[in-house]
Amino acid sequence: MSDLALTAGELAFADVVCTAARFYGTDVDYPTSTGYFEHHPTFGRRWVSNRRLDARRRQEAEDAALPQWRDHTAARVVLTSAGMRLLPRGAREWMPFDHALLTGVTAEPPTVVLSYSTCAPLLLSGAAVPWLGVAIEHLRHGSA
């Protein structure tokens, strides 16, 4: 774990690989209009729009922008006394998820959803996740 710098007094409890995803929506990227050019004997060459295809493509774009689980990727997860550190595959920087900002933990093996006050929810899945869910709850609430 030499590539993760811990703060003074911070302890690492686990270093595992999980699948991670984030829950958020995006801006709608509407497609351009579809149709074809028609050579009409009276009106000449004109554009004929395909309203049905346009409506379907607009609806698909709106559906794709709705909030949903996105960015599914394998990630290295380090659980520490201060929070969880996530390094998605191909990333160079660790993403910090501090326990102090954690607002909810929903565990449904083999997944756990972590909700934070400052960012989109995080979904973790994999073999180590049931243990991680219990450990995070313990760190969050203590032994009481």
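Which strand holds F13? F13 is found in strand 1. This is a predicted model. Strand 1 also supplies D15 to a salt bridge with a distant part of the chain, and it contributes to the largest nonpolar core. The points below cover the core, a surface patch, the salt bridges and the surroundings of T34.

**Nonpolar core**

- The largest nonpolar core has 20 residues. Those touching the most other members are M84, L86, L114, L122 and L124.
- Several strands each give two or more residues to this core: strand 1, strand 4 (68–80), strand 5 (83–88), strand 7 (102–108), strand 8 (111–116) and strand 9 (122–125). Helix 2 (129–141) does so too.
- Helix 2 gives the most, with four residues.
- In soluble globular proteins, nonpolar side chains tend to be buried together.
- L122 shows the packing around one core member. Beyond its neighbours within four places in sequence, L122 contacts A20, A21, R22, W69, M84, L86, F97, V112, V113 and L114.
- That list includes M84, L86 and L114, which are also named among the members with the most core partners.

**Nonpolar surface patch**

- L11, F13 and W131 make a nonpolar patch on the surface. Its area is about 330 Å².
- F13 has a relative accessible area of 42%. F13 is therefore partly exposed, since that value falls between the 20% and 50% cut-offs.

**Salt bridges**

- The whole structure holds six salt bridges. Three of the pairs are described here, beginning with R76 and D15.
- R76 and D15 meet through their side chains at 2.8 Å, N to O. R76 sits in strand 4 and D15 in strand 1, 61 residues apart, and the pair links distant parts of the chain.
- D15 is partly exposed, at 38% relative accessible area.
- E60 and R56 form another salt bridge, at 3.5 Å, N to O. Both residues lie in helix 1 (residues 51–65). They are four residues apart, about one turn of the helix.
- Both ends of this helix 1 pair are partly exposed: E60 has 43% relative accessibility, and R56 has 48%.
- The side chains of D98 and R85 also meet in a salt bridge, at 3.1 Å, N to O. D98 lies in strand 6 (residues 95–98) and R85 in strand 5, so this pair ties together parts 13 residues apart in sequence.
- The two ends of this pair fall into separate exposure classes. R85 is buried, with a relative accessible area of 11%, whereas D98 is partly exposed at 31%.
- R85 and D98 belong to a network of salt bridges that also includes E10.

**Surroundings of T34**

- T34 lies in a loop. The loop runs between strand 1 (12–24) and strand 2 (35–40).
- T34 has a relative accessible area of 14%. That is under the 20% cut-off, so T34 counts as buried.
- The T34 side chain makes a polar contact with the side chain of D54, at 2.6 Å.
- Not counting residues up to four places away in sequence, T34 touches W47, V48, S49, N50, L53, D54 and R57. D54 thus appears both as a polar partner and in this list of residues touched.

Conventions
Residues are numbered from 1 along each chain as its sequence is written. This is a predicted model: local features need pLDDT of at least 70, side-chain atom pairs count only at pLDDT 80 or more; totals for chains, interfaces and linings use all residues. Side-chain values use heavy atoms; hydrogens and water are left out. Buried means under 20% relative accessible area, exposed over 50%, partly exposed in between (1.4 Å probe, protein chains only). A polar contact is a pair of N or O atoms within 3.5 Å; within protein, one must be able to donate a hydrogen and the other to accept it, and residues adjacent in sequence count only if both atoms are side-chain atoms. Contact means heavy atoms within 4.5 Å. A nonpolar core is a set of buried Ala, Val, Leu, Ile, Met, Phe, Trp, Tyr and Cys residues joined through side-chain atoms within 4.5 Å. Patches are made of residues with over 30% relative accessible area and no salt bridge: like charges are joined within 9 Å, nonpolar side chains (Val, Leu, Ile, Met, Phe, Trp, Tyr) within 5 Å. Accessible areas come from the Shrake-Rupley method with a 1.4 Å probe; for residues, only the protein chains shown count as cover. A salt bridge is a side-chain nitrogen of Lys or Arg within 4 Å of a carboxyl oxygen of Asp or Glu.
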